[in-house]
Amino acid sequence: MSAEVFGPPRRFRPARPDSWREIERWAGLELPHDYKQFVDGYGDAVVFRHLFIAHPEGADPLLTVMQEERRTFLASEEGESGVAPGESSGPGQFLPWAYHDFNGDVCLLVPPSAGNRDWTVAVSFRQCPEVQVFPGRVTEFLQALTRGEFPRGWPRVRFDWTSVEGSPLI
């Protein structure tokens with residue numbers, strides 16, 4: 001589905017299964033297939049001119065980005081940052097998957113719960129401490145961006161893909 005909306009994948013070498021397993025072991029959760037497929041095809045890049053999508057084997061590896069952004073996101077949640085996502089509750093389960101380099105907002109994967117059987121996306125707004133959950137999965141969130149449905153404060157731009165400078169995936 002990603003190729004239909006975003007064009008052919010820009011990366012032709014997906015991450016090694018071991019790289020994804022390491023991330024999922026740390027998270028304590030199996031990541032959604034559509035997200036992994038998008039990252040394998042378009043990651044280690046900036047999309048929509050401001051949204052950095054890390055790749056497991058990229059210049060700034062995905063696991064490192066997830067861990068650093070999670071610490072920042074949970075800084076106000078006392079005691080949560082030291083607990084693995086799979087062992088946490090509430091916001092402690094959320095996994096950072098991208099960040100917006102225009103304003104510092106962080107995109108989060110929200111795992112399935114009793115009330116919602118699918119992964120969804122949330123955005124943590126750095127300028128005003130708030131988290132907004134969006135309906136749908138990662139690819140649906142990104143497709144909404146292509147239709148101009150951006151979170152508040154995000155520049156409204158068309159889909160654009162730029163490789164991260166110095167990416168080992170070129």
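Start by selecting helix α3, where Asp34, Tyr35, Lys36, Phe38, Val39, Asp40, Gly41 and Tyr42 are buried. Keep in mind as you go that this is a predicted model. Eight of the ten residues of α3 (residues 33-42) are buried, so the helix is largely enclosed by the rest of the structure. Step just past its end and you reach aspartate 44, which has a positive phi, near 60°.

**The loop histidine**

Next, pick histidine 55, in the loop between β2 (51-53) and α4 (62-73). This residue is buried, and its relative accessible area is 0%. Show its surroundings: leaving out residues up to four places away in sequence, histidine 55 touches Arg13, Pro14, Ala15, Val39, Asp40, Gly43, Asp44, Asp60, Pro61, Leu62 and Leu169. Val39 and Asp40, which you met as buried residues of α3, are among those contacts.

**The sheet**

Now switch to a cartoon view. Seven strands make an open sheet in the order β6-β5-β4-β3-β2-β1-β7, with antiparallel pairing. At its edges are β6 and β7 (161-163), each pairing on one side only. From one strand to the next, the twist averages 30°. Bring α3 back: this helix packs on the sheet and touches β1 (45-47), β2, β3, β4 and β7, with its direction at about 95° to that of β2. Add α4, which also packs on the sheet, touching β2, β3, β4, β5 and β6, and whose direction makes about 90° with that of β3.

**Along strand β5**

Which residues cover the two faces of β5? Thr120, Ala122 and Ser124 lie on one side and Val121, Val123 and Phe125 on the other, and all are buried. With six of the six residues of β5 (residues 120-125) buried, the strand is largely enclosed by the rest of the structure.

Look at its partners in turn:

- Strand β4 (residues 106-110) runs antiparallel to β5 and is joined to it by five bridges; valine 110 has threonine 120 as its bridge partner.
- Strand β6 (residues 130-134) also pairs with β5 in the antiparallel sense, over five bridges, and valine 123 stands opposite glutamine 132.
- Four residues separate β5 and β6, which form a hairpin.

Before leaving β5, select arginine 152 too: its charged end sits over the ring of phenylalanine 125, 4.1 Å from the ring centre.

**The nonpolar core**

Hide the cartoon and show side chains. The largest nonpolar core has 42 residues, and the members touching the most others are Leu31, Tyr35, Phe48, Leu51, Trp97, Phe141 and Leu142. Zoom in on leucine 31: beyond its neighbours within four places in sequence, it is in contact with Trp20, Ile23, Glu24, Lys36, Met66, Leu95, Leu109 and Trp119. Another core lies apart, with seven residues including Leu74, Phe94, Val106 and Val110.

**Aromatic pairs**

Finish with the rings, of which the structure holds 13 aromatic pairs. Phenylalanine 48 and phenylalanine 150 have ring centres 6.0 Å apart and planes at 85°, so they are edge-to-face. This pair links distant parts of the chain, 102 residues apart: phenylalanine 48 is in the loop between β1 and β2, phenylalanine 150 in the loop between α5 (138-146) and β7. Both are buried. For another edge-to-face pair, select phenylalanine 134 and phenylalanine 141, at 5.3 Å centre to centre and 65° between the planes. Last, highlight Phe6, Phe38, Tyr42, Phe48, Phe150 and Phe159, a cluster linked by ring pairs.

Definitions and conventions. Residues are numbered from 1 along each chain as its sequence is written. This is a predicted model: local features need pLDDT of at least 70, side-chain atom pairs count only at pLDDT 80 or more; totals for chains, interfaces and linings use all residues. Side-chain values use heavy atoms; hydrogens and water are left out. Buried means under 20% relative accessible area, exposed over 50%, partly exposed in between (1.4 Å probe, protein chains only). Two strands pair if DSSP finds at least two bridges between them. Contact means heavy atoms within 4.5 Å. Axes are lines fitted to C-alpha atoms, for helices over the stretch in contact, and angles run from 0 to 180 degrees between N-to-C directions. A nonpolar core is a set of buried Ala, Val, Leu, Ile, Met, Phe, Trp, Tyr and Cys residues joined through side-chain atoms within 4.5 Å. Rings of Phe, Tyr and Trp (its six-membered ring) pair if their centres lie within 6.5 Å; planes under 30 degrees apart count as stacked, over 60 as edge-to-face and the rest as tilted. A charge sits over a ring if NZ of Lys or CZ of Arg is within 6 Å of the ring centre and within 35 degrees of the ring normal.
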